[in-house]
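I opened the notebook to jot down what I looked up in this structure. The entries are short, one topic at a time.

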Amino acid sequence: MYTLKKYFLIAAVAFLTPQLAISDSLVDIYESALENDPVLRAARATFNADLEGKNISRAALLPQLAISGEYKESETNDDSPLVGVGGTIDSDGTSYGASLSQAIFDMPSWYRFQGSKSLSESARAQFAADQQSLIIRVSDAYFNVLRAYDNMQTRNAEERAIQRQLEQTRERFEVGLLPVTDVHEAQAVYDDAVVNSLEAQGALNIAFEQLQVLTGEEHNVLAGLAENFAATNPQPLSNSEWVDFAIGNNYPLQVAKLGKDAAYNNAKAAAAARLPKVTGSATYFDSDSDGTRYNEPFESQQDGNTFAISVTMPIWLGGSLDAQRRQAKQRSLASNEGYIATKRNTIQATRSLHQLVLTNTARVKARAQSIISADSALQATQAGYEVGTRNIVDVLVAQRTVFQARRNFANARYDYILSMMGLKEVAGQLSPDDVYELNAWLDPQLVINKSAN
């Protein structure tokens, strides 16, 4: 008998262990999304492509070297009417050469190069913003699952509680202690609770599917948020300090500033298009050909080199230079205004998110207290119902208030987490370390199962 019990115990442990092993944490989802999220992969490819802009623009300022080679065979029939002149020309030859050029004075190319450096730095800042965005998207998706799961759990518990109340109401009606209207009231509330439970299960399924969008993998079990998770005010507490963080570190703001600098340099390049361009060049060539001309053999060998300095200066190109100058200037002005707007929006968003974090911190504490108050009110209402001072409607309302309080508390915790991460993002302080720190508050024993009912 002992052996049989031991066998079942081992089998049970073996069955449960894989269940725990497949429980995904926030870090698991984040690290998978780093490799598989198509939005981030596209952003990485765009970043690498934009980095090449500086190299492309710089090439106009560096030496340009080219080589050439040619082998040629030709045959010509000369039917000249002059006596003794007509005949056939047959030849073949080879030639090769090399040319080297170097811009000596080219202000438009120089300004374009300076602008491209700003755009390359802008690409770096944009990719950093995209990486922060991934953290936000992963956190949103993960905690939306936990939010949907908590909502479903309370909906199901609410449904079961109302079902028990409905059964008790029917029993009392059948013995003549309650009117039929109480049964109808309880039935209506129960039917509504059933619909809410179905809706909550559907929301949970959708939330799990959103994780698959990020990682390309199916996730069915997650780790829940620990009960002792504490909501604390942001540090530093001062609103102005967070605004200073944002002005100095916000990545979209950096993108706008660097874009403004690039547009300014492009405007200067367009304005410098009328300046002379000075280019130095050196060429070398060598050719060798032989054949027959009018039945007489011939041979030719040539080689030589050239050194030159050329100056070009556009005078009139149909008005295109002036149009391009005006166009570049207006784009520079537009980019500058865009930077100002981005800066103002960043400051406003930082202040709003800072206030939201403070509000959500207080809300978490208030929602926790409301659960205690709702439970106490439910007990008092049930006691009054037992002695006849309260009716069934009062009990049902009190029950729903309790479950609503629990949902509000869960939502307040997740709202706090996401608003705190949003504040760090807008201030340029969000990093993978925040994911790992938040992951430490997850409890693997709190299993969030997609198929849970």
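**Entry 1: the core**

Which residues does leucine 222 touch, not counting residues up to four places away in sequence? Before answering, I noted that this is a predicted model. I then found that leucine 222 touches Ser23, Asp24 and Ile29. Leucine 222 also touches Tyr142, Val145 and Leu146, then Phe208 and Leu211, and finally Leu446, Val447 and Ile448.

I looked up the largest nonpolar core next, and it has 59 residues. Leu222 is among those with the most contacts inside that core, together with Tyr142 and Phe143. Apart from this core lies another one, of 11 residues. Ile162, Ala193, Ile392 and Leu396 are among the residues of that second core. I remembered a general point here: in soluble globular proteins, nonpolar side chains tend to be buried together.

**Entry 2: α8 against α9**

How do helices α8 and α9 cross? I have α8 as residues 320–387 and α9 as residues 392–426, with axes that come within 7 Å and cross at roughly 160°. An angle over 145 degrees counts as roughly antiparallel, so α8 and α9 are roughly antiparallel to each other. I also wrote down that their crossing is left-handed. As for the residues of this contact, I got 21 nonpolar, 13 polar and 7 charged.

**Entry 3: three stops along α8**

I picked threonine 381 in helix α8. Is threonine 381 buried or exposed? The cut-off for buried is under 20% relative accessible area, so threonine 381, with 6%, is buried. Leaving out residues up to four places away in sequence, threonine 381 touches Arg390, Asp394, Val395 and Ala398.

Then I went to alanine 328, which also lies in helix α8. Its relative accessible area is 12%, so alanine 328 is buried. Beyond its neighbours within four places in sequence, alanine 328 is in contact with Ala263, Asn266, Ala267 and Ala270. I checked how far alanine 328 is from alanine 148 too: they are 180 residues apart in sequence and 51 Å apart in space, C-alpha to C-alpha.

My third stop in helix α8 was lysine 343. Lysine 343 has 31% relative accessibility, so I put it down as partly exposed. Leaving aside its neighbours within four places in sequence, lysine 343 is in contact with Ile247 and Leu253. Isoleucine 247 is 96 residues from lysine 343 along the chain, yet their C-alpha atoms are separated by 7.3 Å.

**Entry 4: α6 and α7**

Ile247 and Leu253 turned up again when I looked at helices α6 and α7. At what angle do α6 and α7 pack? I found about 45°, with the axes of α6 (residues 239–249) and α7 (residues 251–271) 6 Å apart. That makes α6 oblique to α7. On the α6 side, the contact is made by Ala246, Ile247, Gly248 and Asn249, and on the α7 side by Tyr251, Leu253 and Gln254. I sorted the residues of this contact into 4 nonpolar, 3 polar and no charged.

**Entry 5: a serine in a strand**

Last, I left the helices and looked at serine 91, which is in strand β2 (residues 87–105). What does serine 91 touch, not counting residues up to four places away in sequence? I got Lys72, Glu73 and Ser74, plus Asp290, Gly291 and Phe298. Serine 91 has 15% relative accessibility, so it counts as buried.

Technical notes
Residues are numbered from 1 along each chain as its sequence is written. This is a predicted model: local features need pLDDT of at least 70, side-chain atom pairs count only at pLDDT 80 or more; totals for chains, interfaces and linings use all residues. Side-chain values use heavy atoms; hydrogens and water are left out. A nonpolar core is a set of buried Ala, Val, Leu, Ile, Met, Phe, Trp, Tyr and Cys residues joined through side-chain atoms within 4.5 Å. Buried means under 20% relative accessible area, exposed over 50%, partly exposed in between (1.4 Å probe, protein chains only). Contact means heavy atoms within 4.5 Å. Axes are lines fitted to C-alpha atoms, for helices over the stretch in contact, and angles run from 0 to 180 degrees between N-to-C directions. Helices (H or I, at least four residues) and strands (E, at least two) are DSSP runs, numbered from the N terminus. Angles under 35 degrees count as roughly parallel, over 145 as roughly antiparallel, 65 to 115 as roughly perpendicular and the rest as oblique. A crossing is left-handed if the near helix is turned anticlockwise from the far one by less than a right angle, and right-handed if clockwise. Ala, Val, Leu, Ile, Met, Phe, Trp, Tyr, Cys and Pro count as nonpolar, Asp, Glu, Lys and Arg as charged, and the others, Gly among them, as polar.
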